[in-house]
Amino acid sequence: MGEIFNHLWDGAVYALSAWNILAIIIGYIIGIIAGAIPGVMAVTAMVLILPYTFTLEPLFAISLLMGIYKGGAYAGSITATLFNIPGTPEAAATALDSYPMFKQGMQKRSLEIALWASVFGGTVSNLLLVFTAPPLAEVALRLGPPEIAALILFSLTAVITLLGDSRMDIWKGFISITLGLMLATVGLDNMSASRRYVFGIEDLDNGVPFVLTIIAMLALSEVFIQAEKVGSFTLGDAAGAVSRIIPYTWKQRWKDLKFCLKDLIRSSFVGSLLGALPGIGATTAAFVCYGEARRSAKKDARFGNGDPRGIAAPEAGNNAVAASSLIPLITLGIPGSVAAAVMYGAFMIQGMIPGPMLMMEHPEIIYGLFVLLIITDFLGAFVVALPFISVVQKIFKNLNYSLFFPGVVVCCVVGVYAEEFNVFNLRIFLMLGFVGYIMRKMGMSIPPFILAFILGPILERNTRTALLLSNDSPMIFVQSPIALGLLILAVAALGWSLWRKTRGAKGVLEVPEEFKH
Amino acid sequence: MNARSELSIAGVLIGFSLLNYFYLIPTQVVAEGSSPVYPMLVNTMLLCFSLAYMGDGIRCWRQQKKAEGEGQACSTGGGKVMMRPLAMLVVTGAWVLSMEYLGFIISTFVFLIIASRIFGSKSWSKALIMSVAMPLIIYFVFRGLNALLPEGPAEELINLILG
């Protein structure tokens, strides 16, 4: 424990500079603007900025991206509160109570509850990351190829089996994963350097670029989805409907904090745990925390009519996901969420490979990141978010979607082109964007595809190494207790989920259909 | 999405995995000197899950037939592909393909004008301002970073003016 505090001190000395703090502020501003705009999420903004981080200092780049992520995590609740239009899917849970509270004239109260709940959840999650990452990294160093391959398979299985309302959701999820694994095999074989699936095109020798794939599957497909909704963005009557604004006193703040404290603590831990599990995002965490808060409340609770716990619980839960989703990335080198995958890309662009070795060899970088994460929540919330609420209101009211989304496409294309200055990549980008759109129309989730695409090369390398070590005998996966345990867990999770769906039970982690993709 | 669409998709996926087994892996993997073990493993997973998907699709279709007139679709997913996204795809494709020949500025200008119409822009002046300003700003930012975007007549004219 003492060593952790020593490392934190070294990290703080290394990381705390005016530039890195500026990066957090700029990132938080970008995240707030991106998160407040429906159809654009913090991850989209991260993906668009990613190619440009090549020229930046490592901690500056990573602070910028973390600021965007954290800012976006809070920002969706701003438009959810003011207009009943969640800027991010996870904010839909917040809107259930924040909008009714706003309509009762308590605008300041609803926005501030969301804000300090975000800070609370984010801080708990940051501390969990700081204190669990080092021991987990030590364990990770002892994992061999069969264990790592089994862990990746378990990670990819877990997300599919926990979500979804029907058996078809499970099959589609697995199909999405296998398509991602297949795309990852395009290019040179990473063990024999011979070509695979390049069809004679030399530009494909290095495979499909990671940044291109993420931008195409997330951002471009989203633009196509938004094109279907042209004309359907309308503001609620909220802006004109509220005739008075009730002040929010310090006494009321303290009273609300005490009232919501139990839900805040529970939601922060639940969100942190869910965030650490691969593939489970902020949306799921937000709805699970809202559901739990509602279930544990007394019968006279006012959920759905402006209950402060209905705002605090989902906000704490969804913000707690941000830091804990970095746990598998930092300790094992396995990104467990799309945002973590983008961070993985940011590390790679800077020439660093996240994982236990980076933690052992360059602890100042990792602990510096931890310190910056802890600061981001407070700095972002109280220095940026509060003043920015009125700016977001103005942007949202004046935003012209018919110009905005074409602009997003231009940013995407320029970002993809800037990675390798190769026009051929733009054609792949377009194809993948359309494939992403078709997959979403077919009800197939994109995040598992992206996770599988990123984890595919690691899975392949470890699977083939394990088979080489065992002279092609698959028994190596059974002989290792950890690998066997993980494989059994993966199969058991699948079996249990199929059994539940056959009985007609809903998904364990309920998320409304429109927020799933 | 109805059960018939789900079955069609499952059929396409099964067809693709069979194509992979019998044509793509032999010609694009083995023939290039690479080991087929891992691609076969992944392809087998795709085939198994696609068969399971088809199995559930058939079950769903039978249920729908039995409960004709009263049942909802027991499947998941969105629905039909709409015209605007297809139009965006075509326009974006045309832009990407033309960029090499027309250069970044002119091709992006035309793209933004058309794309804003697809997205329902009613204001020609705002669309025009954005279509001129955005490519120029991006071009000069890249120029300042000594990075080249695809060049065409507009870029050559700028180079001539600025020297």
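Two residues are in contact here if their C-beta atoms, placed from the backbone, lie within 7 Å. Keep that rule in mind as you explore this predicted model, because every "touch" on the tour depends on it.

**Stop 1: where the chains meet**

Show both chains in two colours and look at the contact between them. Chain A brings 50 residues to this contact, and chain B brings 52 residues. Now select these pieces of chain A: α8 (167-183), β2 (195-196), α9 (210-228), α18 (401-420), α19 (423-441) and α20 (446-469). Each of them gives at least two residues to the side of chain A that touches chain B. Which helix gives the largest share of that side? It is α18(A), with 11 residues. If you colour this side of chain A by class, you will find 27 nonpolar, 11 polar and 12 charged residues.

**Stop 2: chain A as a whole**

Hide chain B for a moment. Chain A has 22 helices and two strands. Its radius of gyration is 22 Å, close to the 24 Å that the globule rule gives for 517 residues, so chain A is as compact as a globular protein of that length. Turn the C-alpha trace around: along its principal axes it spans about 75 × 55 × 50 Å. Of the 517 residues in chain A, 60% are buried. Contacts in chain A often link distant parts of the sequence: taking pairs at least 6 apart, 79% join residues at least 24 apart.

**Stop 3: a covered helix**

Select residues 338-349 of chain A, which form helix α15. Its 12 residues should span 16 Å at 1.5 Å a residue, and the end C-alpha atoms are indeed 16 Å apart, which agrees. Is this helix mostly covered or mostly open? It is mostly covered, with 11 of its 12 residues buried. Among the buried ones are A:Val342, A:Met343, A:Tyr344 and A:Phe347. To see what lies over them, add α3 (42-49), α4, α9, α14 (327-332) and α20 of chain A, which are included in the cover. Just after α15(A), click on A:Gly351, where phi is positive at about 80°.

For another helix to check with the distance tool, go to α19(A). Its 19 residues reach 28 Å from the first C-alpha to the last, close to the 27 Å expected at 1.5 Å a residue. A glycine follows this helix too: A:Gly443, with a positive phi near 85°.

**Stop 4: the nonpolar core**

In soluble globular proteins, nonpolar side chains tend to be buried together. The largest nonpolar core in this model has 213 residues. Select A:Met46, A:Leu65, A:Ile215, A:Val342 and A:Met343, the members that touch the most other members. Then add helix α4 (residues 58-83) of chain A, which supplies the largest share of this core, 16 residues. Bring chain B back into view as well, since the core draws at least three residues from each of domain 1 (3-66) and domain 2 (83-162) of chain B.

Zoom in on A:Ile215. Leaving aside neighbours within four places in sequence, A:Ile215 is in contact with A:Val47, A:Leu220, A:Cys412, A:Gly415, A:Val416 and A:Phe429.

**Stop 5: two residues to compare**

Pick A:Ala285, in helix α12 (residues 282-296) of chain A. Why does A:Ala285 count as buried? It has 33 other C-beta atoms within 10 Å, and 20 or more are needed. Measure across to A:Ala316: the two C-alpha atoms are separated by 9.3 Å, with these positions 31 residues apart along the chain.Next, pick A:Glu420 in helix α18 of chain A. With 15 C-beta neighbours inside 10 Å, A:Glu420 counts as partly exposed. Beyond its neighbours within four places in sequence, A:Glu420 is in contact with A:Pro209 and A:Asn425. A:Pro51 is 369 residues apart from A:Glu420 in sequence, yet 9.7 Å apart in space, C-alpha to C-alpha.

**Stop 6: chain B**

Finish with chain B on its own. It has six helices and zero strands. A compact globule of 163 residues would have a radius of gyration near 15 Å, but chain B has 25 Å. Its C-alpha atoms fill a box of roughly 70 × 55 × 20 Å along the principal axes. Colour domain 1 (3-66) and domain 2 (83-162) separately, following the domain assignment. How many Å separate their centres? Taken over C-alpha atoms, the centres of the two domains of chain B are 40 Å apart. Buried residues make up 33% of the 163 residues in chain B.

Conventions: Residues numbered from 1 in each chain as written. Chains lettered and ligands numbered in written order. Helix = DSSP H or I, 4+ residues; strand = E, 2+ residues; numbered from the N terminus. Nonpolar A, V, L, I, M, F, W, Y, C, P; charged D, E, K, R; others polar. Core = buried A, V, L, I, M, F, W, Y, C linked by C-beta atoms within 7 Å. Domains from an automatic or database assignment. Rg over C-alpha atoms; globule rule 2.2 N^0.38 Å. Expected span 1.5 Å × (residues − 1).
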